[in-house]
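Me: I'd like to walk through this fold with you, a question at a time. Can you keep it informal and take me through how you get to each answer?

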Amino acid sequence: MSDSKIKIKMGAIEVEFEGSTEFLKQELLDLVEAVSKLHKETHNGSGLQTVETGNQQQLSDAAKPSDTIVGTTNEIAKKLGVNNGADLIFAAAAKLFFVDGSATFSNDDLRREMNLATSFVNKSMKSNFATNLKNAAKNDRLKEVGTNTYSLPAKVEDEVRVKLV
């Protein structure tokens, strides 16, 4: 059995382990879930990001803390200057990502969140949802990561974060 090292850090919570790879393989998921749950309970949690260096993995706070950016889809749409359906879908994705901490979102998630932006959504945006979603992906504002599953491209995260903070 070879030795492995892991360090999990979420805010003030930090756990380090050095030991057998077998133990780590069997217990890693439970350990990550326990630390994540504790972090969420104490900090209104954010997502996890994995950084690999050689034979080590480090899980740390993602660079998208949900406790820094707050607001509704209406507020985010206002800050992002929404002018059309694709913009509103992008604002919905930003809300799901930055506020709710979701790394990916389905068509249904985006449609539901868009409809919550009552100050911006209109009948045309609702009926042209599929076209607007394709336009948002085509313009690199959303990345299709699976069938009917999207995420924010890494290159727009920082740009959007600046506008929302």
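Reply: Sure. Keep in mind that this is a predicted model. A good place to begin is Phe-90, which lies in helix α3.

Me: Is Phe-90 buried or exposed, and what is its relative accessible area?
Reply: Phe-90 sits in helix α3. Anything under 20% relative accessible area counts as buried. Phe-90 falls in that class, because its relative accessible area is 4%.

Me: Which residues does Phe-90 touch, leaving out those up to four places away in sequence?
Reply: Phe-90 belongs to α3, and its burial goes with a relative accessible area of 4%. With residues up to four places away in sequence set aside, the partners of Phe-90 are Leu-80, Arg-141, Leu-152, Val-156 and Val-160.

Me: How far apart in space are Phe-90 and Ala-136, C-alpha to C-alpha?
Reply: Along the sequence, 46 residues separate Phe-90 and Ala-136. In space, C-alpha to C-alpha, the gap between Phe-90 and Ala-136 is 6.8 Å.

Me: Let's zoom out. How many helices and strands does the protein chain have?
Reply: Read along the sequence, the pattern is β-β-α-β-β-α-α-β-α-α-α-β-β-α. For the protein chain, that secondary structure comes to seven helices and seven strands.

Me: What share of the protein chain's residues count as buried?
Reply: The accessible surface comes to about 9,600 Å², with 47% of it belonging to carbon and sulfur atoms. As for burial, the protein chain has 165 residues, and the share that count as buried is 38%.

Me: Which helix gives the most to the largest nonpolar core?
Reply: That core has 32 residues, and Phe-105, Leu-110, Leu-142 and Leu-152 touch the most other members. At least two residues come from each of α2, α3, α4, α6 and α7. With twelve residues, the one that gives the most to this core is α3.

Me: Why would nonpolar residues gather like that?
Reply: As a general tendency, soluble globular proteins have their nonpolar side chains buried together. Here, the largest nonpolar core holds 32 residues.

Me: Which residues does Leu-142 touch, leaving out those up to four places away in sequence?
Reply: Leu-142 is one of the core residues that touch the most other members. Not counting residues up to four places away in sequence, Leu-142 is in contact with Ile-89, Ala-93, Phe-105, Leu-110, Leu-133, Ala-136, Ala-137, Tyr-150, Ser-151, Leu-152 and Pro-153.

Me: Now the helix α4: why do its buried residues line one face?
Reply: The buried residues of α4 (residues 107-115) are Asn-107, Leu-110, Glu-113 and Met-114. Looking down the axis of α4, they line one face of the helix because they fall within an arc of 140°.

Me: What do the buried residues of α4 pack against?
Reply: Among the buried residues of α4 is Leu-110. The packing partners of these buried residues are α2 (73-80), α3 (85-99), β5 (105-106), α5 (123-127), α6 (129-138) and β7 (149-151).

Me: On to the open sheet of three strands. Which are its edge strands?
Reply: The order is β5-β7-β6, with antiparallel pairing. Two bridges link β5 and β7, and three join β6 to β7. Each edge strand pairs on one side only, and these are β5 and β6 (143-146).

Me: In β7, what is the bridge partner of Phe-105?
Reply: β5 and β7 pair in the antiparallel sense. Across from Phe-105, the bridge partner in β7 is Tyr-150.

Me: Which residue in the turn of the β6 and β7 hairpin has a positive phi?
Reply: β6 and β7 run antiparallel, and Lys-143 stands opposite Ser-151 in β7. Two residues lie between the hairpin's strands, and the one in the turn with a positive phi, of about 55°, is Asn-148.

Me: A charged one next: is Lys-95 buried or exposed?
Reply: The place of Lys-95 is in helix α3. Lys-95 touches residues including Thr-73, Asp-100 and Glu-113. Its relative accessibility is 13%, so Lys-95 counts as buried.

Me: Last one: which side chain makes a polar contact with the side chain of Arg-161?
Reply: Arg-161 is in helix α7 (residues 154-164). Arg-161 is buried, with a relative accessible area of 15%. At 2.8 Å, the polar contact of its side chain is with the side chain of Asp-158.

Notes: Residues are numbered from 1 along each chain as its sequence is written. This is a predicted model: local features need pLDDT of at least 70, side-chain atom pairs count only at pLDDT 80 or more; totals for chains, interfaces and linings use all residues. Side-chain values use heavy atoms; hydrogens and water are left out. Buried means under 20% relative accessible area, exposed over 50%, partly exposed in between (1.4 Å probe, protein chains only). Helices (H or I, at least four residues) and strands (E, at least two) are DSSP runs, numbered from the N terminus. The arc is that of the directions from the helix axis to the C-beta atoms. Contact means heavy atoms within 4.5 Å. A polar contact is a pair of N or O atoms within 3.5 Å; within protein, one must be able to donate a hydrogen and the other to accept it, and residues adjacent in sequence count only if both atoms are side-chain atoms. Accessible areas come from the Shrake-Rupley method with a 1.4 Å probe; for residues, only the protein chains shown count as cover. A nonpolar core is a set of buried Ala, Val, Leu, Ile, Met, Phe, Trp, Tyr and Cys residues joined through side-chain atoms within 4.5 Å. Two strands pair if DSSP finds at least two bridges between them.
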